[in-house]
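I opened my notebook to look through a structure piece by piece. My plan was to jot down whatever I looked up, in order.

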Amino acid sequence: MDTTLLVQALVSGVLAAGLYALVSVGLALAIGVIGIVNFAHGEFFMVGAFLAYQLFVTFGIDPVWSLFIVAPALFALGGVIYTSTIRFVLKAPELNQMLLTFGIGIILQNLALLIWGGDPRTIAGISYRGIGYQIGGVSIGLVPLASFVISLVLVLGLYWMLSSTPLGRAMRAVAQNRTGAALVGLEVNRVYLVAFALSALLAGIGGVMIAVIQSPTPVVGFAFTLKAFAIVVVAGLGNVRGILFAALFVAVAESLVATMVPNGDTLRNAVFFAIIFAVLIRRSWRTV
Amino acid sequence: MSVVIRATALAKHFGGLAAVDDVSFEVEAGEIFAIIGPNGAGKTTILNLVSGLLTPTAGRVELLGRDVTAASPAQRCHAGLGRAFQVVQPFPEMTLRENVLVGALFGTPGLSRADAEHRADEALEVTGLTALSAVDAEDLTLMQEKRLEIARALATKPSVLLLDEVMAGLRPAEARDAIGLVKAVRDQGVTIVFIEHVMPVVRDLADRVLVMDHGKVLTEGRYAEVTQDARVIEAYLGKEDAA
């Protein structure tokens with residue numbers, strides 16, 4: 001067995017885990033605080049990626065600076081979608097909520113296909129894209145490394161926000177007891193709005209990074225919805241704190257399968273499904 | 001005396017059922033006001049209408065002279081209304097202190113962190129929970145949960161506190177403690193409206209009693225008066241005595 005290859009797979013997995021955690025933590029926030037299982041979450045990620053692409057193509061804006069444009073744009077998009085649709089189904093059966101978010105996802109994806117077509121889009125010619133480091137035969141790209149660090153900072157920042165700021169307290173209070181929160185002066189709907197918008201913002205920032213790491217097509221969102229669901233399921237639905245380790249587990253598992261298994265690269269999505277199935281079946285045993 | 005809560009011709013219909021029908025009453029500043037009546041009389045619905053968890057089908061609710069009929073629960077909280085539930089509504093994964101701090105922070109918009117912490121500690125003190133500050137709310141006994149419920153409501157600095165059967169499920173000694181707590185809260189200048197099934201508690205606490213039956217007001221007055229009322233005895237006390 002090739003040790004270098006194994007270490008490379010582990011390193012790649014760990015680096016990918018940062019971005020995965022960033023995207024998943026937004027999904028967990030929507031599930032945990034609002035109770036909405038958002039199947040459109042990956043599409044926020046996709047919109048972030050293509051906004052970054054378009055900003056680069058039209059205005060020549062470096063993706064690093066796009067982060068500061070895409071973040072508020074996605075916050076606003078999340079806010080608009082919450083206000084125009086989600087808030088009306090909060091008390092509806094879960095199936096209705098899921099169908100709604102699924103539909104929103106399909107609309108966003110098809111809009112993107114209309115605008116950008118189905119071909120992969122590359123943000124070409126940025127200097128730092130090709131930079132990488134070799135450490136004992138293991139290569140680490142600057143972009144994946146930077147995306148890992150930015151993601152980690154944002155996820156830890158979110159954890160800090162939840163534990164130590166008034167907004168975070170409000171979100172936890174609303175998540176733990178909606179009625180109790182309303183009666184001590186919290187406007188529950190406003191907290192939901194901010195939580196949903198923040199969830200979209202985090203996904204959008206992840207999207208900017210994927211636009212540099214890969215050459216995404218408008219269907220990239222679905223793949224990340226799937227990844228995020230696997231991670232959220234491993235962490236426990238709505239558990240925001242468990243996301244970091246769950247992301248690490250899922251990303252390393254994906255990387256190991258893709259690298260170490262013959263033809264493993266085609267099995268990536270199967271890894272996520274396998275993890276979701278395994279965890280859900282195990283949980284169902286526990287409750288029987 | 002100024003009026004803290006004025007309900008005028010309140011009605012709430014659930015489909016064809018009139019849970020509350022043409023109910024009017026006034027609660028004056030500084031009094032302890034009891035709402036009693038058999039199960040299904042509409043007592044909790046009244047509290048839900050006053051606190052904003054339900055919107056009335058007809059009628060209006062005024063809080064300290066302000067019409068709050070269309071206001072959200074949070075707005076009513078900011079206007080001076082506190083509420084503790086029969087089924088307690090804590091934030092289970094927060095410590096006691098954090099539960100109460102949430103009440104202090106969000107009950108009064110713009111309150112500084114230091115003032116909120118001070119107010120939270122005060123509320124814990126009054127309710128005798130200081131020693132349990134660091135315990136998670138999910139690990140409390142029922143009596144402690146009820147105290148927490150009151151502490152969190154107090155931390156919002158209410159002018160009036162609604163208590164929904166806070167004595168339910170308590171042992172006699174605990175109920176005596178709870179009566180003492182309610183009196184202590186009133187002595188701090190908080191008007192109290194409470195729902196109660198245990199008649200000795202109503203006798204010990206209430207300045208005035210509103211008796212409800214089938215969604216309507218049966219009568220209103222001092223405990224000694226209403227308990228002599230033939231209609232009340234028939235609708236409520238008579239049945240209770242027979243049981």
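Below are my entries on the sheets, the helix pairs and the contact between the chains.

**Entry 1: before starting**

I noted that this is a predicted model. So everything below is read off a prediction.

**Entry 2: where the chains touch**

I began with the contact between the two chains. How many residues does each chain put in? I found 15 residues from chain A and 21 residues from chain B. On the chain A side, helix H6 (166–176) and helix H7 (178–183) are the elements that give two or more residues. H6(A) gives the most, with six residues. I also sorted the chain A side by class, and got seven nonpolar, five polar and three charged residues.

**Entry 3: a helix pair in chain A**

Next I looked at helix H1 (residues 3–34) and helix H5 (residues 142–164) of chain A. A reminder to myself: two packed helices are described by the angle between their axes and the distance between the axes. Here the axes come within 7 Å and cross at roughly 40 degrees. Left-handed or right-handed? H1(A) passes H5(A) in a left-handed crossing.

I then listed who meets whom. From H1(A) the residues include Leu15(A), Gly18(A) and Leu22(A). From H5(A) they include Pro144(A), Phe148(A) and Val155(A). By class, this contact has twelve nonpolar, three polar and no charged residues.

**Entry 4: the four-stranded sheet in chain B**

Moving to chain B, I traced an open sheet of four strands. Its order is E2-E1-E4-E5, and the pairing is antiparallel. Why do E2 and E5 of chain B each have one side without a neighbour in the sheet? Strand E2 (17–28) and strand E5 (66–67) stand at the edges with a single partner strand each, so one side of each is left free of a neighbour there.

I zoomed in on one pair. Strand E1 (residues 3–14) of chain B is joined to E2(B) by eight bridges, and the two run antiparallel. As an example, I picked Arg6(B), whose bridge partner in E2(B) is Glu26(B).

**Entry 5: the six-stranded sheet in chain B**

Chain B also has an open sheet of six strands, in the order E6-E7-E8-E3-E9-E10, with mixed pairing. The edges here are strand E6 (81–84) and strand E10 (216–221) of chain B, so each has one side without a neighbour in the sheet. On average, neighbouring strands are turned by 15 degrees against each other, direction ignored.

For a parallel pair I chose strand E7 (residues 160–164) and strand E8 (residues 191–195) of chain B, which pair over five bridges. Leu163(B) has Phe194(B) as its bridge partner in E8(B).

Which helices lie on this sheet? Helix H6 (residues 172–187) of chain B packs on the sheet and touches E3, E7 and E8, with its direction at about 150 degrees to that of E8(B). Helix H1 (residues 43–51) of chain B lies across E3, E6, E7, E8 and E9, running at about 150 degrees to E7(B).

**Entry 6: a helix pair in chain B**

Last, I checked helix H3 (residues 96–107) and helix H4 (residues 113–126) of chain B. Their axes come within 8 Å and cross at roughly 120 degrees, and H3(B) and H4(B) are therefore oblique to each other. H3(B) passes H4(B) in a right-handed crossing. Among the residues making the contact are Val100(B) and Leu101(B) of H3(B), and Ala120(B) and Leu124(B) of H4(B). By class, I wrote down nine nonpolar, no polar and three charged.

Conventions: Residues numbered from 1 in each chain as written. Chains lettered and ligands numbered in written order. Predicted model: local features only at pLDDT ≥ 70, side-chain atom pairs only at ≥ 80, totals over all residues. Contact = placed C-beta atoms within 7 Å. Nonpolar A, V, L, I, M, F, W, Y, C, P; charged D, E, K, R; others polar. Pairing = 2+ DSSP bridges. Axes fitted to C-alpha atoms, helices over the stretch in contact; angles between N-to-C directions. Left-handed = near helix turned anticlockwise from the far one by under 90°. Parallel < 35°, antiparallel > 145°, perpendicular 65-115°, else oblique.
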